[in-house]
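User: I've got a new model on screen and would like to talk through how it is put together. Can you walk me through it, piece by piece?

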Amino acid sequence: MSEFIPDIRAFCCHYTSQQACADNGKGLKEAGFPENVSLDRLTCTGKLQVSALLAAFENGADAVYVVGCPADSCHNVKGSLRAAKRVSAVKKALAELAVEEGRISMYHLDRGLHPEFIAAAREVDAKTRAMGPSPFKGESK
Amino acid sequence: MIIAEKKPVAEILEMVREYKRILVLGCRGCVTVCSAGGEREVEILASMLRLGRKKENNPVEIIEGTLVRQCDKEYIDSMDQWNGTYDAVVSMACGVGVNFIANLRKDSMVFPAVNTSFFGGSVEQGVWTEQCAGCGNCILHHTGGLCPVARCAKSLMNGPCGGSQGGKCEINSTVDCIWQMIHDKLDATGRKERMNFVAPIRDWTPAGHGGPRTFVRDDLTV
């Protein structure tokens with residue numbers, strides 16, 4: 001049986017991912033950012049809608065996570081708090097569908113390229129590999 | 001406005017299990033304002049239904065739409081635009097909308113996506129409370145504008161009862177005693193003698209106890 005490589009979608013705000021995307025992501029790759037995580041940069045995570053997060057699962061994601069500013073110092077005041085609320089709503093939606101809530105998560109990180117940005121991606125990757133493919137793909141373990 | 005809350009998606013999935021093409025239909029009236037059944041909620045429910053059906057390996061085609069209101073015949077008629085594209089309708093409107101679709105679309109099966117809860121208002125963002133019971137015989141002029149029918153657990157016409165403690169209701173310490181509030185309001189507006197008014201035994205016929213209510217405005221009918 002071939003190794004399961006999860007399809008992970010990350011939604012990051014402009015500030016938490018700005019350095020990460022410098023040099024076309026070269027720095028990210030060198031720092032060990034998992035290649036199976038695709039980044040979707042937003043002006044602010046407060047812009048994210050519940051439907052956009054659900055759509056990521058519809059489009060084949062095994063896990064989704066959001067990286068926004070620290071809760072008490074969002075560049076747009078409450079953007080990352082709003083994002084966290086929407087992540088909670090998707091957790092609830094997954095629970096209603098009897099799917100692991102851990103397939104979506106929220107991180108609050110400082111701006112710039114920090115080890116925590118890489119660590120978050122690796123944590124989601126490891127957690128998702130342990131959970132297996134998304135049950136929405138009809139091929140769960 | 002009418003306050004509603006989305007039903008658990010598992011309940012909705014069970015209702016429509018046998019249907020392959022579903023029209024998820026929102027309403028731009030009250031349920032949009034209380035974030036239960038507007039355009040955004042249609043998008044979310046449609047996504048959840050598709051995901052739920054993918055998980056069950058029972059694919060479904062979802063058509064998304066919203067009507068200006070689902071409580072007027074003229075807007076229900078506009079459902080003609082989806083004729084032949086769906087096998088069942090999941091209405092995100094209040095129970096009035098579901099009934100109107102059932103009344104007017106003779107060949108369509110319609111299912112409710114929300115629980116219609118109460119007449120209320122938004123006291124802060126994301127929080128709604130019941131304010132009116134639609135009882136058909138308003139007595140707010142006696143009670144400082146505060147409704148004991150909707151907001152007293154016993155719907156007392158002469159309160160408070162002995163369960164009022166420290167301004168709170170005996171059913172739950174987080175619930176304000178509306179009769180305490182009525183007293184305070186009348187006092188604050190210099191009308192506390194109104195508390196001496198004894199409300200007579202009430203005729204509940206206008207509250208629906210005489211069967212479904214109909215209201216005809218002769219000046220508006222053609």
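User: Let's begin with the open sheet of three strands in chain B: what is the strand order?

Analyst: Bear in mind that this is a predicted model. The pairing in this open sheet is antiparallel. At its edges sit S1 (2–6) and S7 (127–132) of chain B, each pairing on one side only. Going across the sheet, the order is S1-S6-S7.

User: And how far are neighbouring strands turned against each other there, on average?

Analyst: S1(B) pairs with S6(B) in the antiparallel sense over five bridges, and B:Lys6 has B:Val114 as its bridge partner in S6(B). Leaving direction aside, the average turn between neighbouring strands of this sheet is 70°.

User: Which residue in the hairpin of S6(B) and S7(B) takes a positive phi?

Analyst: S6(B) and S7(B) run antiparallel and are joined by five bridges. B:Glu124 is placed opposite B:Val127 of S7(B). The hairpin has two residues between the strands, and the one with a positive phi, near 85°, is B:Gly126.

User: Staying in that area, is B:Ser122 buried or exposed, or something in between?

Analyst: B:Ser122 belongs to strand S6, residues 114–124 of chain B. Skipping residues up to four places away in sequence, B:Ser122 touches B:Val127 and B:Trp128. A residue needs 20 or more C-beta neighbours within 10 Å to be buried, and 12 or fewer to be exposed. B:Ser122 has 14 inside 10 Å, so the label is partly exposed.

User: How many Å apart in space are B:Ser122 and B:Ser108?

Analyst: In sequence, the two serines B:Ser122 and B:Ser108 are 14 residues apart. Taken C-alpha to C-alpha, their separation in space is 34 Å.

User: Now the sheet with four strands: what is its order in chain B?

Analyst: This one is an open sheet too, with parallel pairing. Its edge strands are S3 (61–67) and S5 (109–112) of chain B, which each pair on one side only. From one strand to the next, the twist averages 25°. The order reads S3-S2-S4-S5.

User: Which residue in S4(B) does B:Leu23 stand opposite?

Analyst: The strands to look at are S2 (residues 21–27) and S4 (residues 88–91) of chain B, which pair in the parallel sense over four bridges. Opposite B:Leu23 in S4(B) you'll find B:Val89.

User: Which helix lies across S2, S4 and S5 of chain B?

Analyst: Two helices are worth checking here. H3 (residues 39–55) of chain B packs on the sheet by touching S2 and S3, with its direction at about 165° to that of S3(B). The helix lying across S2, S4 and S5 covers residues 95–104 and runs at about 175° to S5(B). That is H5 of chain B.

User: Where does the largest share of the side of chain B that touches chain A come from?

Analyst: The contact involves 13 residues of chain B and 12 residues of chain A. On the chain B side, H1 (9–15) and H3 each supply at least two residues. By type, that side divides into six nonpolar, three polar and four charged residues. The largest share, nine residues, comes from H3(B).

User: Why do the buried residues of H7(B) count as being on the same side of the helix?

Analyst: In H7 (residues 178–188) of chain B, the buried residues are B:Ile178, B:Trp179, B:Ile182 and B:His183. They pack against H6 (148–151) and S9 (172–176) of chain B. They share a side of H7(B) because the arc they cover around the axis is only 145°.

User: Which residue with a positive phi follows H7(B)?

Analyst: Look just past the helix for a phi near 70°. The residue there is B:Gly190.

User: Last one, on the whole chain: what is the radius of gyration of chain B?

Analyst: Chain B has seven helices and nine strands, and its C-alpha trace spans about 65 × 45 × 25 Å along the principal axes. Buried residues account for 31% of its 222 residues. For 222 residues the globule rule gives 17 Å, and chain B is well over that, so it is more spread out than a compact globule. The radius of gyration is 22 Å.

Conventions: Residues numbered from 1 in each chain as written. Chains lettered and ligands numbered in written order. Predicted model: local features only at pLDDT ≥ 70, side-chain atom pairs only at ≥ 80, totals over all residues. Pairing = 2+ DSSP bridges. Axes fitted to C-alpha atoms, helices over the stretch in contact; angles between N-to-C directions. Contact = placed C-beta atoms within 7 Å. Nonpolar A, V, L, I, M, F, W, Y, C, P; charged D, E, K, R; others polar. Rg over C-alpha atoms; globule rule 2.2 N^0.38 Å. Arc of directions from axis to C-beta.
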